[in-house]
Amino acid sequence: MHAVFFSLVVGLAAGVAAAQAQAPATAPTPLQAHLTGPIPPLVKYEIVGNTTIPQPLTERPGDPVRGRRVVTDASNSTCLICHEVPTLEEFPNQGKIAPSLEGLGSRYTAAELRLRLVNPKLLVPDTMMPAYYRTEALTRVQRQYVGRTIYSAQDIEDAIAFLMTIR
Ligand code: HEC
């Protein structure tokens with residue numbers, strides 16, 4: 001009886017160790033909680049004048065401090081792959097293949113940035129910029145993103161709050 005119990009415990013421990021060994025190297029951080037678990041329904045939004053989404057996607061106002069973490073998160077399509085943001089000088093090797101986001105908050109309104117982040121294809125149909133809040137009409141989507149948006153609705157609002165501070 002003891003032997004059976006012992007092998008059961010050892011077996012369980014080995015199973016746990018194996019599961020840990022298989023855990024992906026980049027386990028989702030709390031920042032990316034929306035990339036695991038049940039898929040939240042897409043927040044409905046209204047596009048006004050073809051260039052803006054005036055209404056925030058969430059009731060909670062955007063948090064610029066969290067937004068800074070969202071847009072610089074190297075494990076989740078950071079803007080810095082393609083764009084330069086001079087005020088984020090602690091991040092080296094910023095992208096140079098897209099326009100610099102210098103002075104963004106003086107050049108854009110939050111409503112314009114919201115559409116640009118949610119679905120930039122509506123502004124530039126063949127853009128390579130990802131649609132951060134879209135689940136339809138995407139091609140060759142990585143498994144972790146199937147059915148999911150790159151950013152959560154709150155991520156979009158927090159990102160906008162940060163981007164508006166870039167003057
Ligand atoms: C894969 C590359 C890529 C990524 C990642 C990317 N963009 Fe872009 N973005 C572009 C390109 C290219 C353009 C130029 C216009 C176009 O082709 O859409 C652009 C245009 C823009 C513009 C308008 C440019 C201007 O200065 O008028 C804004 C604003 C913008 N991006 C913000 C962002 C933000 C914020 C993020 C991150 C949340 C981001 N982009 C992520 C490629 C990218």
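Colleague: Before we start, what does buried mean here, and is Met129 buried or exposed?

Modeller: Buried means under 20% relative accessible area, counting protein chains only. This is a predicted model, mind you. Met129 has a relative accessible area of 17%, so by that cut-off Met129 is buried.

Colleague: Which protein atoms are donors to the iron atom of the ligand?

Modeller: Two side chains do the job, lying 1.9 to 2.2 Å from the iron. His83 counts as buried at 12% relative accessibility. The protein donor atoms are NE2 of His83 and SD of Met129.

Colleague: And how far apart in sequence are the parts that His83 and Met129 tie together?

Modeller: His83 sits in the loop between H2 and helix H3 (104-107). Met129 is in the loop between helix H4 (110-118) and H5. So the pair ties together parts 46 residues apart in sequence.

Colleague: What arrangement do the six donor atoms make around the iron atom?

Modeller: Look at the angles they subtend, which run from 87 to 178 degrees. Six donors count as octahedral if opposite ones are over 155 degrees apart and all others between 65 and 115. That makes the arrangement octahedral.

Colleague: Moving to H2, where do its buried residues fall on the helix?

Modeller: In H2 (residues 64-71), the buried ones are Gly67, Val70 and Val71. Seen down the helix axis, the buried residues fall within an arc of 85 degrees, so they line one face of the helix.

Colleague: Which helix is included in what covers those buried residues of H2?

Modeller: The cover over the buried residues of H2 includes a helix spanning 153-163. Arg66 in H2 also has a salt bridge to Asp155 in that helix, so the pair ties together parts 89 residues apart in sequence. The helix you're after is H5.

Colleague: Which residues are linked with Arg66 in a network of salt bridges?

Modeller: Arg66, partly exposed at 21%, meets Asp155 at 2.9 Å, N to O. Arg66 also pairs with Asp158, the closest N and O atoms being 2.8 Å apart. Asp155 is buried at 2%, and Asp158 counts as buried at 0%. The residues linked with Arg66 are Asp155 and Asp158.

Colleague: Which residue forms a salt bridge with Glu84?

Modeller: Glu84 is partly exposed, with a relative accessible area of 30%. Its partner is exposed at 63%, and the closest N and O atoms of the pair are 3.4 Å apart. Both lie in the loop between H2 and H3, so the pair ties together parts twelve residues apart in sequence. The partner is Lys96.

Technical notes: Residues are numbered from 1 along each chain as its sequence is written. This is a predicted model: local features need pLDDT of at least 70, side-chain atom pairs count only at pLDDT 80 or more; totals for chains, interfaces and linings use all residues. Side-chain values use heavy atoms; hydrogens and water are left out. Buried means under 20% relative accessible area, exposed over 50%, partly exposed in between (1.4 Å probe, protein chains only). Helices (H or I, at least four residues) and strands (E, at least two) are DSSP runs, numbered from the N terminus. The arc is that of the directions from the helix axis to the C-beta atoms. Contact means heavy atoms within 4.5 Å. Donors are N, O and S atoms within 2.8 Å of the metal (3.2 Å for Na, K and Ca); water is not among the atoms, so sites may look incomplete. Four donors count as tetrahedral if all angles lie between 85 and 135 degrees; four count as square planar and six as octahedral if opposite donors are over 155 degrees apart and all others between 65 and 115; anything else is irregular. A salt bridge is a side-chain nitrogen of Lys or Arg within 4 Å of a carboxyl oxygen of Asp or Glu.
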